[in-house]
Amino acid sequence: PILIIDFGSQVTQLIARRIREAGVYCEIVPFAKAEEGFDRLNPGAVILSGSPASVTDENGPLAPTRILNAGLPILGICYGEQLICHQMGGKVEPGETREFGRAEITITDDCKLFEGLWPKGATPQVWMSHGDRVTALPPGFRAVAVSEGAPFAAIANDARKIYAVQFHPEVVHTPDGAKLLSRFVHEVAGLKADWTMNAFREAEIARIRAQVGKGRVICGLSGGVDSSVVAVLLHEAIGDQLTCVFVDTGMMRSGEADEVVTLFRDHYNIRLIHSDASALFLEKLAGVTDPEQKRKIIGATFIDVFEQEAKAIGGADFLAQGTLYPDVIESVSFSGGPSVTIKSHHNVGGLPARMRMKLVEPLRELFKDEVRALGRELGLPPAFVGRHPFPGPGLAIRMPGAITFEGLEILRKADKIYLEEIRKAGLYDEIWQAFAVLLPVRTVGVMGDGRTYDQVCGLRAVTSVDGMTADSYPFEHAFLSRVATRIINEVRGINRVVYDITSKPPGTIEWE
Ligand code: XMP
């Protein structure tokens, strides 16, 4: 494996994803726990990340000398390059000009890292983001690339297999970046591409069996990708020791509940409890209009129903959760000095402690794209694996104002038509999330010879990489007209359709 020491860059996770894509397992550890991670992982190479900090600061975080001198291949990125220079006998000074964004570097010498990718004289495009600059190299190093703002845009010590770059190869704005990282992993460090979802599947099944023994496991199944993959993987590992509980909140999309039950109970033969609690959820939500209140009610009711079902089957020793790697990476933050914070994740908040269950989290080492690959590996239908994310509170937060069964039915019909048309146009996979919203607003229309006074349907579609930022999808006008016409003709209760063109920020993806 590869150890990535994180000094707090915003894009450290991208380094890990590129390394995994190159077929090598890696983990990110915060700099303050680098030695611990080093001893636990026993890595074949080390990568030092970027950072908002400065090595010229007295308190700038350092890499443990023991790791720098362990004789392993090392790649320093941005702050990582400055650390290598600073700690190995070179010099770093605050730069007068900041270099930020797209830049061109010139390759001034050959080295093992660039071989076959960037020959001497090449001028690849890269992404820069730094203020300080290296002004003297440590003994044994030479410059192999320059940029306008950095005479040492890349440096090499071939004998010690230590390389460093001032730019960020992990971001897509460095077009050859992934290839460069792959060269470091395979050619420089000599590591084999043995991290595949097939190998993970086998290893994880063994690990689950060892952890669970003869114990009983309960798993909340939502129909989303993460919980579906957890369920199928666990079923493969422990068969009928697993019981899945599908809490039907009544806030699901058209046909979704049936799909989940058919796939997991009938196709996979998984013990599945289909708890239809839609009436209870509707009752609890009656008259509630505040979005946060809706979320709280749904969360609490979900836990009640889940707990009741768990009791009904005589309890369980373990609760399975679809926690992913981004939820468990300890993040480094520099607000008010270096500190380490841990994000915790609860799909079913508080349940494990309340019910005295231990956790099984078979996906906690995986990124989302790896979960999808594992799902395909496990034979989940491609359409299931490629699904858009769907929020836990479901349609309740796509219907501003009070929730009624009639409203949900109207929304389900409109949403179904919209998604049908998106799939028909071949656009589904280009879009991060697409859905209809039912507004508590009535407007006047004419249909045939009559006047109508019905509700407004909002359409939303966004592109995004991680849901943190998003852009509205630029549909062609003809497509939107087609969807609007179908919805107004086919769904009684809607007589006007609007398209939401707000990006995030300042908007959010959902309307509530
Ligand atoms: P926003 O609306 O905050 O959404 O831009 C970002 C992503 O999170 C999803 N989302 C939720 N998921 N419970 C969830 O499980 C929620 O309460 C919730 N609210 C938003 C949203 O669908 C999008 O993918």
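The exercises below concern a predicted model and are each followed by a worked solution.

**Exercise 1.** Find which residues UniProt lists for "active site", and explain why they gather at one spot.

*Solution.*
Step 1. The unreviewed UniProt entry lists Cys78, His168 and Glu170 under "active site".
Step 2. These residues span 93 residues in sequence, but no two of their C-alpha atoms are more than 11.0 Å apart, so they gather at one spot.

**Exercise 2.** Place Cys78 and His168 in the chain, and decide whether each is buried or exposed.

*Solution.*
Step 1. Cys78 sits in the loop that joins strand S4 (74-77) to helix H4 (79-88).
Step 2. His168 is found in the loop between strand S11 (162-165) and helix H5 (177-188).
Step 3. A residue is buried if 20 or more other C-beta atoms lie within 10 Å of its own.
Step 4. Cys78 has 26 other C-beta atoms within 10 Å, so Cys78 is buried.
Step 5. His168 has 23 other C-beta atoms within 10 Å, so His168 is buried.

**Exercise 3.** List contacts of Cys78 and of His168, leaving aside neighbours within four places in sequence.

*Solution.*
Step 1. With those neighbours set aside, Cys78 is in contact with Gly50, Ser129, His130, Gln166 and His168.
Step 2. Under the restriction to residues over four places away in sequence, His168 touches Val11, Gly50, Ile77, Cys78, Trp127, Ser129 and Thr174.
Step 3. Gly50 and Ser129 appear in both lists.

**Exercise 4.** Describe the largest nonpolar core and say where it lies.

*Solution.*
Step 1. This core has 79 residues, of which Val217, Cys219, Leu234, Cys244 and Ala414 touch the most other members.
Step 2. Helix H7 (residues 225-238) supplies the largest share, nine residues.
Step 3. Both domain 2 (197-383) and domain 3 (403-499) give residues to this core, so it lies between them.
Step 4. A second, separate core has 68 residues, including Ile2, Phe114, Ala164 and Leu181.
Step 5. As background, nonpolar side chains in soluble globular proteins tend to be buried together.

**Exercise 5.** Describe how helix H9 (residues 278-285) packs with helix H10 (residues 291-312).

*Solution.*
Step 1. Two packed helices are described by the angle between their axes and the distance between the axes.
Step 2. For H9 and H10 the angle is about 145°, and the axes are 10 Å apart.
Step 3. The crossing of H9 past H10 is right-handed.
Step 4. On the H9 side the contact is made by Leu280, Phe281, Lys284 and Leu285, and on the H10 side by Lys294, Ile297, Ile298 and Thr301.

Definitions and conventions
Residues are numbered from 1 along each chain as its sequence is written. This is a predicted model: local features need pLDDT of at least 70, side-chain atom pairs count only at pLDDT 80 or more; totals for chains, interfaces and linings use all residues. UniProt positions are given in the numbering used here, feature names are shortened, and annotations may be inferred rather than shown by experiment. Helices (H or I, at least four residues) and strands (E, at least two) are DSSP runs, numbered from the N terminus. A residue is buried if 20 or more other C-beta atoms lie within 10 Å of its own, exposed if 12 or fewer, and partly exposed in between; C-beta atoms are placed from the backbone. Two residues are in contact if their C-beta atoms, placed from the backbone, lie within 7 Å. A nonpolar core is a set of buried Ala, Val, Leu, Ile, Met, Phe, Trp, Tyr and Cys residues joined through C-beta atoms within 7 Å. Domain bounds come from an automatic or database domain assignment. Axes are lines fitted to C-alpha atoms, for helices over the stretch in contact, and angles run from 0 to 180 degrees between N-to-C directions. A crossing is left-handed if the near helix is turned anticlockwise from the far one by less than a right angle, and right-handed if clockwise.
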